Amino acid sequence: MHFIYLQIQVKNVSRLCHSKPIVTVNGMFPGPTIYAREGDTILVNVTNYAQYNMSIHWHGLKQYRNGWADGPAYITQCPIKTGNSYTYNMTITGQRGTLWWHAHIFWLRATVYGAIVILPKQGTGFPFPQPYSETNLILGEWWNNDVEEVVKQGNRLGLPPNMSDAHTINGKPGPLFPCSEKHTFAMEVEQGKTYLLRIINAALNDELFFAIAGHNLTVVEVDAVYTKPFTSQAILIAPGQTTNVLVQANNAPSRYFMAARPFMDAPLSIDNKTATAILQYKGIPNSVQPVLSQLPALNDTAFALSYNGKLRSLNTAMYPANVPLKVDRQLFYTIGLGINQCTTCLNGTQLSASLNNITFVMPQIGLLQAHYFNTKGVFTTDFPDRPPTPFNYTGAPLTANLGTKQGTRLSKITFNSTVELVLQDTNLLTVESHPFHLHGYNFFIVGTGVGNFDPKKDPAKFNLVDPPERNTVGVPTGGWAAIRFRADNPGVWFMHCHLELHTSWGLKMAFVVENGKGSDKSVLPPPADLPPC
């Protein structure tokens, strides 16, 4: 059993010639890495010394029957108030690899995040060549202004908040930005040795390309699930996703830029600046100018689709891909932007987002608490299985009748049933890619495509043998993604877009997975120190 203490503290940090107070964990940005081994139980005591309410999500940990430790505020817990503590009690079962943790309230995950490294059981190695060493690379964003104030200003105006001022690698933007020579992450390598990079996209709003000048990347794991290895000059990683790659230090000894820059193939403004770090061969002086990385173009859709199409589960006897072949419940959710009336906003309207035309309204009591204690009036279980009005989802942009319905509506799922969910992007205002994260579960991405999902033709192309298994799926711009999972984890589980902008606009919902028969198939009782509402 591991005991870990995390203190939420405000600390002054300087980046891009600006100094400002940010919310940190144990005074660190990014926060500390949590190391554990498959099968371990970890107790993480979080004490909140910041002026904001706080909750921490352990992104990708399945938390079987234990939603009380999942973390999203007002979904599975009420937040930890200033001066208070809460202990997350988690057992890691059947998982190994790279995950991460982050704040799950407001936009505080802009600075409150860190890696989770789950080592295989003692005596079990990796199903790929043992690396000489390993390094965590956490990709993020930086705002010169106070992030919470940026969001509040956007909400007051009814418009998107200002974009970030830089991207970061391990909290540092790199030397292509002003005042950033000392704010550059560097890792030293030795000629001929192989290194494991654990890459996490902790950015709030951007899918990112990542590459290392002069070096190929061999992908061996995504979202803590081993994959069939394949080699690529760059990777694409959506917010919330993790990717482990092997890198061989087999190039001419020098200094090489590691670089991260957004992928955006929709007509939207983004922070398109490149964050850099340095891969430095042993014995090479810092005066040597790093070699520049060749990243795909900002809007390289072909690379993005090709890269994601190469991802396959390892699917061996030890690490099988147990894809549900029979489906009990078929769901079809449209993803849309909308405009609702807002008397206090700049134009009298406010941008919103919806699933099946429903903009999620956050409750003031934890949904899991309301479900467990059967508290009435907090939510309903009538979230629709499909959109109320079918239309040409990815045809010409729709700019009329953009109002959305609002409510805290959940979807009830039978315990141990199999679910197929098709997520369909729409051209309401504009098409856009959307990374969706399902709490409490992994799922198999059995199919993706561009345009409208065709229920007659597209299922015939599904990969039901070795599809990638993930906890976060990127829905292509103007396209769709089909996922399957078995609802064997009872409780209330959040599903939302991992673009914080769209989540805060209501692009989220939750599943109520009913208890099964027997005490080992029901939600565990709440802990004694569960934060009060």
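Two exercises with worked solutions follow, one on disulfides and one on a sheet.

The model is predicted, so that local features need pLDDT of at least 70 and side-chain atom pairs count only at pLDDT 80 or more, while totals for chains, interfaces and linings use all residues. Residues are numbered from 1 along each chain as its sequence is written, and side-chain values use heavy atoms, with hydrogens and water left out.

**Exercise 1.** Determine how many disulfides the whole structure holds, and characterise the link of Cys-78 and Cys-533.

*Solution.* Step one: taking a disulfide as a pair of cysteine sulfur atoms within 2.5 Å, a search of the whole structure gives three. Step two: the sulfur atoms of Cys-78 and Cys-533 are 1.8 Å apart, and the link is right-handed, with 60 degrees about the S-S bond. Step three: Cys-78 sits in the loop between β5 (56–59) and β6, whereas Cys-533 belongs to the segment after β32 (508–513), so the bond ties together parts that are 455 residues apart in sequence. (Strands are DSSP runs of E, at least two residues, numbered from the N terminus.) Step four: with buried meaning under 20% relative accessible area, exposed over 50% and partly exposed in between (1.4 Å probe, protein chains only), Cys-78 is buried at 0%, while Cys-533 is partly exposed at 49%.

**Exercise 2.** Work out which strands stand at the edges of the open sheet that contains β1.

*Solution.* Step one: the strand order is β2-β1-β4-β6, with mixed pairing, where two strands pair if DSSP finds at least two bridges between them. Step two: β2 (18–25) and β6 (85–91) each have a single partner strand, so these two are the edges.

Terms used
Helix = DSSP H or I, 4+ residues; strand = E, 2+ residues; numbered from the N terminus.
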